[in-house]
Structure formats: structure tokens, C-alpha cells
Amino acid sequence: MRHLVGLLASSALLLTGCGGGGGSSTPTPTPIASAPAPTPGPTPSPTCSLANRQAFARDVLDEWYLFPELLVTSANPASFTTVQGYIDALTATARSQGKDRFFTFITSIAEENAFLASGESAGIGIRLSIDSPARRVFVSEAFEGAPGLAAGIDRGDEITAIGTSSASLRSVSDIIAAEGSAGITNALGPNTAGLSRVLRVTRGSTSREVSVTKAVFDLPAVSSRYGSRIIQDGSRQIGYINLRTFISSADTPLREAFASFRAAGITEFIIDFRYNGGGLVSTAELMGDLLGGNRSSNDLFSGVRFRASKSARNENRLFAPRAESVSPVKIAFIGTGATASASELVINSMAPYLGRNLALIGANTFGKPVGQIALDRSACDDRVRVVAFSSVNSRNQGEYFNGLASTLDVTCQAADDLTRPLGDPQEASIRGALDFLAGRSCTAISLSGPSGNIAGQSQRGLIASDRELLVPDAPSPAQREVPGLF
């Protein structure tokens, strides 16, 4: 399983409208920071044969790849049956060094644009995590407006069997034993509207069969149930935001949430990025602005840095406080190994200004300080996302390939507690965040292994350190941004 590619896309100005008709290509910076729009890249052949599509991808990497010295120039495109297989061969050296963990890829222009605009996807609308040693699958989250939640499936449920009908149900344990984690993806089937599956769902001692039909839905970036709230912790009020992904439709609910925090005079915050795999840089910049009420318009939020031959495109993004902006005294960011790209960008950018008044709670983040640009070949619906730049904060820090726990002043390990709803003050990671904000001590996140405590064998999997979000080998655009989505 390719765990969490986590695309961090750029602002709408740099992302949308990429590529023209007739096979032209306009690169657009995505992950990690805004950048000036590059000039048109190589013009591909008008045909869509595998060889021509591979040649287009190679041209893109030759011109824009952030680590040109690491490209495997000896890779023979004729040896690969897909464009992605050839891209993987070209980037194998960078991947072996941890600098490009499948961050460079080919995707569908139409599918990615639909997701980044509104969160549009097709599926059950649940986020799954897997405990591979125990051969168990859990629901980490269910999305409003999607079939799963409408059928009563929600966080903390365990899926114990999957089938196309009640008669064909196979136990999850048997599927994983025979096929590994990929077997779960195969059993759930493609993300096709109208496709039905029967699931055996268990909560505590109660088990039931649920028939659910996949549908197209718009994923709310901020949950209407728990995405934004004010937590009363003794005599103190804490602003809590859970952002699922950085997409355009998140902008309005974020502004509304921070306006309510500002009106209440709140200066301490919990920003819950535990499953946030990235998204639009424009939304990351908005988040920085909303957290930057006490920042000067001369203060650097983030800087984007291209390879030497493209250094003229380097750019600095300064804070631009908004009418809804707050002035944080302390911030607790909740993260896990699924926290990547745009979410890491926000944390890294805020760290220099808060020092020990900022903490990472939960587990170490994924480690993606680099960003892609997009070059389109519209005639073939091909978008090549190529790692082309890195991001730095005001301290010129940006080498967090090993995750942010290796760079931040304060970290506190905590479990992702599926026995409690997100937004619940008693949920383990939120409780850990409240402890940090209150000045209580904690155990630092380990850099040598998973963090978070198992709360006993009876809760294994529900409160555990060995769960990870389930990501297919070939994720859809939505699954790259929302790891675990099915």
C-alpha cells in the first residue's frame, strides 16, 4: 500500500484552468506554497498512445522536477505498461531517499478539479483505518450527506465482513489474511455511483448487516456536527476546528468559525488536522491569515523554492490578516501519520511565531515539505503532478521529510481514540491538547516508532498505535487528499 501521498495543491489561480485545448500545457504550482504561474511547458503529441503519454510525462519531469540530479534517466518507457509505472521508475532514486514518496503522479484533470472545488467524490463516504496485525478494519469518520452516515455507519464502528450480498459476505480477517490490505479495497469495489455492497458492522457487542449503495457526494471540509466549536475547559474557552481537507468550499465555514472565536475573545486554539492529507494552498494561506491577527503584513507565512534553473519563480507569501482573524496565545495542532502537505505547511509556518506555545499533539506527521505543479494534457484528460518546489518558514526551515515532530519545540503523544466522537473533550488527542494548553506535562512523540497508547486489549484497534488509514495503491484524487476515503 502506498500510504498517504497527500497532495498539497496551490491556490485556485495557480491550479484551475490548467492546460488549453489542442494538447497545450500550463504548469500550475500546487502543494506547499503559492508561486508565480510558470510559462507553458513542452507541447505533447496530439495523440494519446501510451508512448506519447509517457513522453509527455518525461518532458514534464525533465523541465520541472525539483531533484533533477536524482532522475533515473536510464528508465526505458517501453518496459512499462502504464504512465504511472514509468513515472515511478524515473523517480525511484528520490523515493529511496524519502524525498518523493509517490508524490509525482498522473491523474485525471476532471476528477481532480471536481474534488478541489467542492469535495465531489463517489463512494460510501466513510474513512477507514486498518489494524493489519489484528486483521481488523474500523470506521474513523463518516461524512455528512454521504450514503454511509445515512445508513447509520459512523466513527468507532468496525467492519467485520464485506460482500455483494448477505450470501456472499467474507470476513475482513479472511480477506486480509489472503490478500492483505489491498483485499479490502478490492472487496469494496470501485468508486462508482450505483454500486452496492453489504457490510457487517459491529459496535460493542451489537452486530448488524447494512446494505449501502455508493453515490456522488460533496465532502464537507468542515463537519456540521463537530467541525467547529467552542470547548469550555474549566474557566477557559478553547476554539476547536477540525479541517478535513483544504478545498475551496472550506473557506466560508473557516471564516465563520474564526469570526465566532474572535467575537468570543478566544486566544487558545485546537486545530485538528489528524486526517488532513492536504489540498489547496490558497486555503492553507487563508488558515494562516485567520490565525495571524497578531502578525504584521511584513511577516513571512511561507516561501516557495524551485530548483536552481527555475529560481526566478521563488516567491514569499506574507501574512494578510482578515476581518475574522484571531490573535493566538497558544495553539495545539493535532496530527498523525496522515497529516501531510497543506496541513504541515500551516503548522510549520506558525511555529516560528509561537515557539513553545505551539505543540503537535498525537503522533508524528507524514513529512511532505515539497509541492507539485500540474501540467495538463487536456486532450487525454492527463494531469501530471510533478514535485517541483519546497516550502520554508520564516526561519528558513523546511526539511521535515521525517515529519514535524523532528522540528517542533513541543510535542505530546496521544492516541486517536475511536471510542469518542471527534470534537469530544474526552477524546484522547483532544484531551492531550487541552492538557498542553493548560500547561500540564506530557510525553513527547517518539521519533523511532508509533506514538499513542493502547488502552487495553478489549479496546485494541479502537485506541491503538498500530492503526493506519487505508489508502489504495492507486488512489483517486479525492483519496489522495482525504486518506482513508471509500
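Let me start with Cys380, which is buried in this predicted model, its relative accessible area being 16%, and since anything under 20% counts as buried, that is the word I will use for Cys380.

What does Cys380 form a disulfide with? The partner is Cys48, and the two sulfur atoms lie 1.8 Å apart. The link of Cys48 and Cys380 is left-handed, with -90° about the S-S bond. This pair brings together distant parts of the chain, 332 residues apart, with Cys48 in the loop between β1 (28-29) and α2 (50-64), and Cys380 in the loop between β18 (370-377) and β19 (382-392). Whereas Cys380 is buried, Cys48 is partly exposed, with a relative accessible area of 39%.

Let me turn now to the rest of the search, which covered the whole structure and found 2 disulfides. The other one joins Cys412 to Cys442, with an S to S distance of 2.0 Å, and the link of Cys412 and Cys442 is left-handed, at -65° about the S-S bond. Here too the pair links distant parts of the chain, 30 residues apart: Cys412 sits in strand β20 (residues 410-413), while Cys442 sits in the loop between α12 (428-437) and β22 (463-464).

Is Cys412 buried or exposed? Cys412 counts as buried, at 2% relative accessibility, while Cys442 is partly exposed, with a relative accessible area of 38%.

Finally, a word on the pattern: with bonded cysteines counted along the chain, the disulfides of the protein chain follow 1-2, 3-4.

Technical notes. Residues are numbered from 1 along each chain as its sequence is written. This is a predicted model: local features need pLDDT of at least 70, side-chain atom pairs count only at pLDDT 80 or more; totals for chains, interfaces and linings use all residues. Side-chain values use heavy atoms; hydrogens and water are left out. A disulfide is a pair of cysteine sulfur atoms within 2.5 Å. Helices (H or I, at least four residues) and strands (E, at least two) are DSSP runs, numbered from the N terminus. Buried means under 20% relative accessible area, exposed over 50%, partly exposed in between (1.4 Å probe, protein chains only).
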